[in-house]
Amino acid sequence: MRKEVLENRTVIQEGQDLLQEGQAKIEAKIEDGQMKIRDEQVRLQDGQAKLQEGLDEIRDVVKDKINGSTPLSLPSTVMPANPRIFGRQMYINKAIQLLLSATSTRVAILGSGGMGKTSVALKTVHDSRIIERFGINRRWVPCEQATSIPLFFELIAKSLGLPPSTSNDRFSEIVAALEKSDALQFVLFDNFETIWDIEGEQSVIANILSRLASIPSVSFIITMRGIQHPASDLIDWTSPRLPPLTPLEMDPAQEAFVRISPDSEGDPNLPELLRELDCMPLAITLMAKLAEVGETITELLSQWRREQVKLLSQPGGDRTSSIEVSIHLSLMSSPLRTNADAIPLLSVLAKLPGGGALAQLPTICPSITGWKAALRILRTAALVYDSPDKTVVHMLSPIRSYVLLHHPIADGPLQDLRNAYYQLAAKGYAYHGDPNFDEVLAKISKEEINLDTVILDALRSADDKEDAIAAAIRYSRYLNLTQPRVNVIEAAIQAARNTGSAPLASCLKCYGDTLRYQSRHDAASLALEEARELHIGLGNNSGAAFCLWSIGEILLAQYRFDEACSKLEEARRHFVELHNLAGAADCLFLLGKVYETQGKFDIATPTLEEARSQFVQLGARLGHANCLRILAKVYWAQGQYEAALLTATEAKLAYTEVRIPRGTAHTLLLLGDIYYDQGQYSEAYSAAEEARSLYGGLTDELGFAKSLLLMGNILVKKGSYDEVHLFAEDAKNVYITAGDHLGTADSLTLLGEVYRQQGNIDKAHSALQEAKSRLTQCNSGWYGSMRLADCNCALGKIYRLQGQHDNAIKVLEEARAMYSIQSRKKPDADECTKEIELALNKRDNSENVD
């Protein structure tokens, strides 16, 4: 029992100790709270003292003015004139509706500097509906001049027409005057950010604005840089709130420019210039003024690209006449000055014209640990803005230009930025065929503008260019799979010529492949031969073998079959010796393609099947897709339409899975041919049209031209000739430029058919004769033979119409013999037979008459 009592006493004692400890913590928190209250009281007293000090200064100035000793000079508060404005009428109407929605309204027009906030506000105030409501009681307070709270009071008082005063409480006089009035009152507080950003005075300004908002007869608009409504915790801003102003659409942007510079109307380069300015209203106005005094749009575009924001800045200018002054004011806001990460983050984002992906910012700028808080400040100041899906943060072009000029990125963050994009560029090619490739490719496609900018900048200015060269090669390989471009790899070649043979060899190989994809075969061959020689000199047999493979593909495209096979066999031997199974499979595939083009289908089929099997074992999905497409072409050429259709459809799906739009386009064109031969013209036209769209996006002019020809031939079969002539002429011009005899001949053959249907026999004859001449100049395999047969068939019809029966019979028999080689061309051979019979009958009838 005693033991239990002792235990209970112990428990009681522990409880009392805990209670005392809790009471001590509570007392400490109370004391802490009281200290904070006292600190706040001191701060408020200091604020009141500063306010009183300022009022005393104003009172002294006013006294001096009254006594005639010192002139008091305040800026004018007369409402400015009604401005000319473009593309903002819907926004202005919304502002007007808000002002008319209640007796007392509060509206904020927000946005970045140079967006036209003042103009929109003044246009609103000068609207007849606002004039009818407020009459002469519309006031304008130019807050840009309000560098202190007392001066702010005097500007308000002046706008209200109050006499000078020596009162210690000028604000009370303002409030009294507004409350005493029976009429509705309106005040436009223009450039409110000036007074709002006075350091340490924001709470005082918030209370002043809140007190004005509480007067039942008072409505006001504030214009303010940024996107955040001031004093939202104290003021009920009229709903729905207006969104921040954004750049102009293209049509009103052009209208605004032309209103200042009428001679620029219709200039084809004007839209491009306005796009480079991101259609920012102030930038448009300043640029148009340069055009007004004689500068052409072409000259201005060139100057802007060279000088950037300096072109739109005047020495001694203000925010309305100098884009630099306008942007500088935004950067001088208190939140930006007090956050150490804001300007460094802005400098990083300025290097990314395509915008900074939010998910990538930790990788892009790892040294800016407070980037999230800094980004909030930049958004609030309207120096950056979010994409519609909130995943990318952008900066307007003039702001980017200003930041690049005046706040260049530091060396450390610049290297971090480059490393991040080098890693991204590496993924585009290295991940090809990987299960994650689709995701990586989608990510890279969104970053192409930034990759271009970052890599090109590094190739020009980095001290150590090797990493930049490697990134350029990898990125260009990715582009070769999507939309081949030479700008990046050409810059890499220039940098590599000063670096060493190994980087230069790799650059030239990549450059040659890019030119090959663009069908610039002669230039591609030169680059690849130089690359091969460099690789041989370096002892890099693998690099040399890959060059041989690319040269083999060019020779195939030029229908130089024996040379192509020789290069490919040599390359394959090297790959086998090097145990490079993928390279050997690539060579086997290309050999199969050579055999297919030659019409050696009995050799092509097993060769392609063997290559396909090797690609499947290697997990090389692109190689597998390529084999399927050429196999489908083999089946089609032999009239095996069911097998051709199934295989081509499988190839199209395979290309889609690996996201290779060029392969998809090639397969669509093949599907169009298969449908065409079977008389399924609607399906054929849809496939050709889809292929044309893909080729257009890839800037593949030859592919685009092939699509046009197929579409034209389908329309001829359907008896619709309106667009065919245009299709054929466009295709012919592309092929002539590329030096492609086969394509040019195809175009001329189609034109000949159009002329024949239109009854223009002489033109048809001329076009077909030229087509035949070109076809006989190139050994283009079975496909070329079929094209020559088509040309002879069409030419035979022309000869028959001209009464040249012997010539007609001769070329028609040639065509029939060619058609007879392929079973799928039997209908065409039968058509030739009918034409021959007609020619024979005509000749016999003519001889009988004679």
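**Note on strand pairing and selected surface residues**

1. In strand β4, S219 is the residue that stands opposite F186, and this pairing is a convenient place to begin reading what is a predicted model. Strand β3, which covers residues 185-190, pairs with β4 in the parallel sense, and the two are joined over 5 bridges.

2. Strand β4 also pairs with β1, residues 106-111, through 6 bridges, and here again the two strands run parallel. Within this pairing, R106 has F220 of β4 as its bridge partner. Strands of a sheet pair through backbone hydrogen bonds, and they may do so in either the parallel or the antiparallel sense.

3. How many residues of β4 are buried? Strand β4 spans residues 218-225, and 8 of its 8 residues are buried, so that the strand is described as mostly covered, with buried taken to mean under 20% relative accessible area. In a regular strand the side chains alternate between the two faces of the sheet. In β4 both faces are covered, with V218, F220, I222 and M224 buried on one side and S219, I221, T223 and R225 buried on the other. It may be noted that R225, a charged residue by the usual count, is listed among the buried residues of the second of these faces.

4. A second element to inspect is an open sheet of 3 strands, in the order β5-β7-β6, where the pairing is antiparallel. Its edge strands are β5 (356-357) and β6 (385-386), each of which pairs on one side only. Between β5 and β7, the latter covering residues 392-394, there are 2 bridges, and these two strands run antiparallel; in this pairing A357 stands opposite V392 of β7.

5. On the surface, D411, D463, D464, E466 and D467 together form a negative patch. One of these residues, D467, lies in helix α22, which runs over residues 466-482. Is D467 buried, partly exposed or exposed? Its relative accessibility is 45%, and D467 therefore counts as partly exposed, since that class lies between the buried limit of 20% and the exposed limit of 50%.

6. The last point concerns E144, which is found in the loop between β2 (138-142) and α5 (149-160). With a relative accessible area of 30%, E144 is partly exposed. E144 and P75 are 69 residues apart in sequence, while their C-alpha atoms are 9.9 Å apart in space.

Terms used
Residues are numbered from 1 along each chain as its sequence is written. This is a predicted model: local features need pLDDT of at least 70, side-chain atom pairs count only at pLDDT 80 or more; totals for chains, interfaces and linings use all residues. Side-chain values use heavy atoms; hydrogens and water are left out. Buried means under 20% relative accessible area, exposed over 50%, partly exposed in between (1.4 Å probe, protein chains only). Helices (H or I, at least four residues) and strands (E, at least two) are DSSP runs, numbered from the N terminus. Two strands pair if DSSP finds at least two bridges between them. Patches are made of residues with over 30% relative accessible area and no salt bridge: like charges are joined within 9 Å, nonpolar side chains (Val, Leu, Ile, Met, Phe, Trp, Tyr) within 5 Å. Accessible areas come from the Shrake-Rupley method with a 1.4 Å probe; for residues, only the protein chains shown count as cover. A salt bridge is a side-chain nitrogen of Lys or Arg within 4 Å of a carboxyl oxygen of Asp or Glu. The place of a charge is taken as NZ of Lys, CZ of Arg, CG of Asp or CD of Glu.
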